[in-house]
Amino acid sequence: MIPRSVYNQEHDMFRDAVRKFMQREVAPYHDEWEKQGHISREAWKKAGDAGILCTHLPEEYGGSNVDFRYSAIAIEEQGYVFASGPGFSLHSDIVAPYILHYGSEQQKQHWLPKMAAGDVITAIAMTEPGAGSDLAGVRTTAIKDGDDYIINGSKTFITNGQLADLVIVVAKTDSSAGAKGVSLFLVEGDRAGFQRGQNLDKVGMKAQDTSELFFDNVRVPQTNLLGQENAGFIYLMQELPQERLSVAIIAAAAARACYDATLDYVKERKAFGKPIAALQNTRFKLAEILTELEVTQTYVDRCLELHCQGQLSVEAAASVKLWATEAQCRIIDECVQLHGGYGYMWEYPVARAYADARVQRIYAGTSEIMKEIISRSL
Ligand SMILES: Cc1cc2nc3c(=O)[nH]c(=O)nc-3n(C[C@H](O)[C@H](O)[C@H](O)COP(=O)(O)OP(=O)(O)OC[C@H]3O[C@@H](n4cnc5c(N)ncnc54)[C@H](O)[C@@H]3O)c2cc1C
């Protein structure tokens, strides 16, 4: 493997600690979490205690004030143990930045330390039954009523939706203004009129809770508005590159984990009197996979570096998400093939990884939307 230059010794020390955490506190429980459809609150708390959540936050808000590479390490190490359940990255790298960048001082002080400690679990609700790719088409409304807003509407496919104590809700404050009428709200899980639907039954990522959310005249004070009214769409556009990079990072890690598992498997499994690793097709397939992995990892690392320098463009983030998730699916499909029938059995990590991978080309913007974004700049 090409040595990775994006991380230094301090990153490596953090990686060791995260690896131990994933092996001790996540991997052994993942089967049980898949059966119950969500991870435990205890695991969130342990991740907070271990300093794995929201590492990028300033110390005054409970973080370690470190760069995004630490988040990338947490994402990778979770991928290396095939753990698609914990929605830690969505909470730390997607939700927390909205509050940090656009929240009032009071909002930051109230929520961020609890998020970093794993005491409060968060979600972000953009997608609706009738609007996913076309975010400006959301129908959920937040209408001003005195000093409050009243929120009505529904959301779907929301990660951490069953467990979330706090949800950032994308709603229209001016229904006639399209993208310019979108605002973001902090909605606490115990607000009257807020209801969770069922935990959705997905093809993969079975240990991750994904929900519908319903808002029936949910009254929130004006102080729950995040940032400026009608500026929500700009905030979303500013934060989505980090979300897409995160998805690319998990894609490379999940593909790598499958490659490693497949390499072990083909050396053990015999056909026609010898290990299938000895067959030319197997060796050639593994050579192709390794090459594609290296290309993908190098690109992901370069984008990570650019992001840490504040230079990852919207187009580059779309491009790395497009490349890495498509590569992930190709690679894992080949890994399943090299496992034969066992690759289709749930007890084998590659089977789960295959099911988990498919959504990577859909959420955080579909591959088609990534191509739209990239092609706009041509
Ligand atoms: C497991 C899971 C977790 C998720 N987590 C979250 C979450 O936490 N929060 C959240 O808000 N959302 C979440 N989502 C929703 C996800 O982001 C959306 O599903 C995704 O953005 C696509 O939207 P859609 O499902 O409405 O598909 P649609 O927008 O209806 O797209 C259907 C098809 O049309 C294509 N298409 C649409 N527009 C164009 C276009 N302009 N050009 C070319 N093709 C186009 C799409 O690429 C796709 O192939 C999650 C989804 C899943 C499955």
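## Exercises: a ligand and its domains

**Exercise 1.** Find which elements each supply at least two residues of the shell around the ligand.

*Solution.* Start with the secondary structure of this predicted model. β1 (122-125), β3 (148-159) and α11 (367-376) each supply at least two shell residues. Next, look for the top contributor. That is β3, which gives the most, with three residues.

**Exercise 2.** Describe the shell: which residues come nearest to the ligand, and how do the shell residues divide by type?

*Solution.* First, the count. There are 18 residues around the ligand. Thr127, Ser133, Phe157, Thr366 and Glu368 come nearest. Now sort the shell by type. Eleven residues are nonpolar, five are polar and two are charged.

**Exercise 3.** List polar contacts of the ligand with Ile124, Gly132 and Glu368.

*Solution.* A polar contact needs N or O atoms within 3.5 Å. Take the backbone first. At Ile124, a backbone N or O atom lies 2.9 Å from a ligand nitrogen. At Gly132, a polar backbone atom is 3.3 Å from a ligand oxygen. Then turn to a side chain. In Glu368, a side-chain N or O atom is 2.7 Å from an oxygen atom of the ligand. Finally, check the cover. Alone, the ligand exposes 980 Å², and the protein buries 65% of that.

**Exercise 4.** Explain why the ligand lies between two domains.

*Solution.* Begin with the assignment: domain 1 (9-120), domain 2 (123-230) and domain 3 (234-376). Then ask where the shell residues come from. Domain 2 and domain 3 both give residues to the shell, so the ligand lies between them.

**Exercise 5.** Describe how domain 1 meets domain 3.

*Solution.* Start with the centres. Taken over C-alpha atoms, they are 22 Å apart. The contact takes 19 residues from domain 1 and 25 residues from domain 3. Next comes the area. About 2000 Å² is buried between these domains, and carbon and sulfur atoms give 65% of it. Last, look at the domain 1 side. Phe68, Phe82 and Tyr102 lose the most area to domain 3, together 33% of what that side buries.

Definitions and conventions
Residues are numbered from 1 along each chain as its sequence is written. This is a predicted model: local features need pLDDT of at least 70, side-chain atom pairs count only at pLDDT 80 or more; totals for chains, interfaces and linings use all residues. Side-chain values use heavy atoms; hydrogens and water are left out. A residue is near a molecule or strand if one of its heavy atoms lies within 4 Å of it. A polar contact is a pair of N or O atoms within 3.5 Å; within protein, one must be able to donate a hydrogen and the other to accept it, and residues adjacent in sequence count only if both atoms are side-chain atoms. Accessible areas come from the Shrake-Rupley method with a 1.4 Å probe; for residues, only the protein chains shown count as cover. Helices (H or I, at least four residues) and strands (E, at least two) are DSSP runs, numbered from the N terminus. Ala, Val, Leu, Ile, Met, Phe, Trp, Tyr, Cys and Pro count as nonpolar, Asp, Glu, Lys and Arg as charged, and the others, Gly among them, as polar. Domain bounds come from an automatic or database domain assignment. Contact means heavy atoms within 4.5 Å. Buried area is the accessible area (1.4 Å probe) that two parts lose on being put together, summed over both.
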